[in-house]
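Subject: A structure to look at

Hi there,

Here is the structure I promised to pass on. Have a look at it first, and then read on for what turned up.

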Amino acid sequence: MPQGAVYCFAALARMIILLTDFGLEGPYMGQMKAVLYRKAPGIPIVDLFADLPAFNPRVAAYLLPAYINEFPEGSVFLCVVDPGVGSTRRPVVIYADERWFVGPDNGLFNIVCKRAHELHRWVITSKPREISASFHGRDLFAPVAARLALGEDVSGKLLDSSKNPWTSWPDDLFEVIYFDHYGNAMTGVRACQLERNHRLVIKKQVISFARTFSAARPLEPFWYENSNGLVEVALREGDVSKVLSLKIGDRLKVLKQDT
Amino acid sequence: MPQGAVYCFAALARMIILLTDFGLEGPYMGQMKAVLYRKAPGIPIVDLFADLPAFNPRVAAYLLPAYINEFPEGSVFLCVVDPGVGSTRRPVVIYADERWFVGPDNGLFNIVCKRAHELHRWVITSKPREISASFHGRDLFAPVAARLALGEDVSGKLLDSSKNPWTSWPDDLFEVIYFDHYGNAMTGVRACQLERNHRLVIKKQVISFARTFSAARPLEPFWYENSNGLVEVALREGDVSKVLSLKIGDRLKVLKQDT
Amino acid sequence: MPQGAVYCFAALARMIILLTDFGLEGPYMGQMKAVLYRKAPGIPIVDLFADLPAFNPRVAAYLLPAYINEFPEGSVFLCVVDPGVGSTRRPVVIYADERWFVGPDNGLFNIVCKRAHELHRWVITSKPREISASFHGRDLFAPVAARLALGEDVSGKLLDSSKNPWTSWPDDLFEVIYFDHYGNAMTGVRACQLERNHRLVIKKQVISFARTFSAARPLEPFWYENSNGLVEVALREGDVSKVLSLKIGDRLKVLKQDT
């Protein structure tokens, strides 16, 4: 009984966090969660993103590290942006700075790996008895995430740490990587990389910094440090993605302040 | 052990209900829920609205009281429509008729307060160690909601009950305040304020009452008492918001029946 | 105490799965889940579909059986596509091959019934104390689903097994029945009914089989067996629903291969 209690407590300290491009619509998130509820009962599951830009692991790679640290150590991030599902791309488990990541080895974890202090990577070698050709999120990744969340072993082959596919990737991505519900445009740039007097250029529009929405001028696009540390282009009580006709991948330039 | 059991039982009787304009897309609801799972483990969390009209606490104020009573006493409503986040608007906790409310003091709770029989209001004075400028839902309001749900104290300063910002607000709002998935238009009017033979005018269209969708005529907009007691403008198996080009804030008039 | 543990274990083995046309937006899914959390605490709830085609139980009938088997025996499917709510359509409970179904008797369960080996059907005769005219999902079906998930009795009247409304329904529906987030078009046809060399015609476009997305040619619509066994029309990294202007109910023809 004390063991049970201890186990329960440990389990509650863990969490499985879902990041996918599956969409809010449709059955896919629910199907993955059903697997998790069965295989890791009692572990809280957080839908963080179901609307990552579709088929685009490159931009998701820059979003992901901004959303890691607020989750407790031991958290398991189940990440699926997987246009190559059913091809030869490898399924991986990554341990980076006390947190676990499960998903396809297609660049999605490159920036998490690049910024990690402690890093271990494995190719998943366990094979589920039944696996569909198109939904490894449900059939392979979710069961592995459940095992990790429970502290159970997963069969894997350690990847050679001298070959790191991310070495050629930039530290920050000066592009639009995500739009939120309000139309705000998150970028792949950490705000700590910029000075507050830096102005940015996007779609030929020059924009300045504001600390908060209420500090910004109406009708005037601005940039600010969002609540997860990314440079975000926004408009006070308006939709900047429409006003500037922004799309994923649009480039951002820094206009250094005259001094 | 009996204490543990008692605690669990009490916890299950409570619930945290989320109402925001954060959108279904994106990380914000998930980030708030992750805080709640950690700080109030075992408490059920209900996503009630993630799609309240953006930046519009005034219409949300009339939606909120219609959705309170079906939740058990002791429930905590975590409500965030917060265009002034980062400005001087105050964070509040409200106790109204056995239920708790947490959110910004920008009018969002005015109608809940106006209709309450027992009412207490506090400005939240506790300060989280880390607080972002733009996401008080995660950094301030969610931790407070978790404490309330657990029956723990929150530091606050009681507000003067003689100064009530809602005294000038009408009892009912004769406007469209929300569209659901089908395009039905909820209004800020309680159906108990109207007679069934009252006809309404919206966008120059005169509409009559029908008890249910199946009682309404196809292609003919009607009004009915929705399942939460509000006057709702609808169309049988159709989208009245498109057919009448409705938008949030469109006005409703009552055409009193000749007798 | 051991009894408590046993009860918990049994409860965890069960699940309530929600399939509706209520939309992701708005309060309806949350309101149903609040009822389930209260009446069946601890039972996992899975949002499988909130976006079934609106007012269309006929197409949902062909989607539903494809999504049953991955859920454990004893699962309760709470299914609400209910354009006739408030009319005389009957509320039913169905037991089919170790799983439970609750919802309106409007054809939604016809294909589940048609394919079942063991089948029992009841009209629900219990009446909730308070029931709205338009939201039986919350007021009637959710409480019944909670009781079934807990293994409790529900008052019902067994339906005559000799009168089966589905006898005239086809085994498979050669129509588009659902679009997912990517714009892929699920059909009411089980892939096991076709040969891999069968070509299909939809909107005058002839399409061939591909095993996976990565095996398909870019820009060329194809069909494949989706991860739930249905024939799905898709496009590699594109939106086939837009490219072919598809809509729910569009017909599919099989062009048998010359041999």
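Is C:Phe71 buried or exposed? C:Phe71 is buried, with a relative accessible area of 1% (buried means under 20% relative accessible area, exposed over 50% and partly exposed in between, with a 1.4 Å probe and protein chains only).

Before the rest, some housekeeping. This is a predicted model, in which local features need pLDDT of at least 70, side-chain atom pairs count only at pLDDT 80 or more, and totals for chains, interfaces and linings use all residues. Residues are numbered from 1 along each chain as its sequence is written, chains are lettered from A and ligands numbered from 1 in the order in which they are written, and side-chain values use heavy atoms, leaving out hydrogens and water.

Back to the rings. C:Phe77 is buried too, with a relative accessible area of 0%. There are 48 aromatic pairs over all chains, counting rings of Phe, Tyr and Trp (its six-membered ring) with centres within 6.5 Å; planes under 30 degrees apart are stacked, over 60 edge-to-face and the rest tilted. The centres of B:Phe222 and B:Tyr224 are 5.8 Å apart and their planes at 50°, so this pair is tilted. Both B:Phe222 and B:Tyr224 are buried. C:Phe71 and C:Phe77, with centres 5.6 Å apart and planes at 85°, are edge-to-face. In chain A, one aromatic cluster is formed by A:Phe71, A:Phe77, A:Phe101 and A:Phe109.

Next, the cores (sets of buried Ala, Val, Leu, Ile, Met, Phe, Trp, Tyr and Cys residues joined through side-chain atoms within 4.5 Å). The largest nonpolar core has 71 residues, and A:Leu78 and A:Val102 have the most contacts inside it. Helix 5 of chain A, residues 136–149, gives the most to this core, with eight residues (helices are DSSP runs of H or I with at least four residues, numbered from the N terminus). A second, separate core of 70 residues includes B:Ile17, B:Cys79, B:Val92 and C:Leu140.

Finally, the symmetry. A turn of 120° and a shift of 0.0 Å along the axis lay chain B on chain C with an RMSD of 0.0 Å, superposed by least squares on the C-alpha atoms of residues with pLDDT of at least 70 in both. That is the relation of a three-fold axis. The residue of chain B that comes closest to the rotation axis is B:Leu24, at 4.4 Å (C-alpha). Only 7% of the interface residues of chain A are also interface residues in chain B, so the copies meet through different surfaces (contact means heavy atoms within 4.5 Å).

Enjoy exploring!

Best wishes

Methods: Helices (H or I, at least four residues) and strands (E, at least two) are DSSP runs, numbered from the N terminus.
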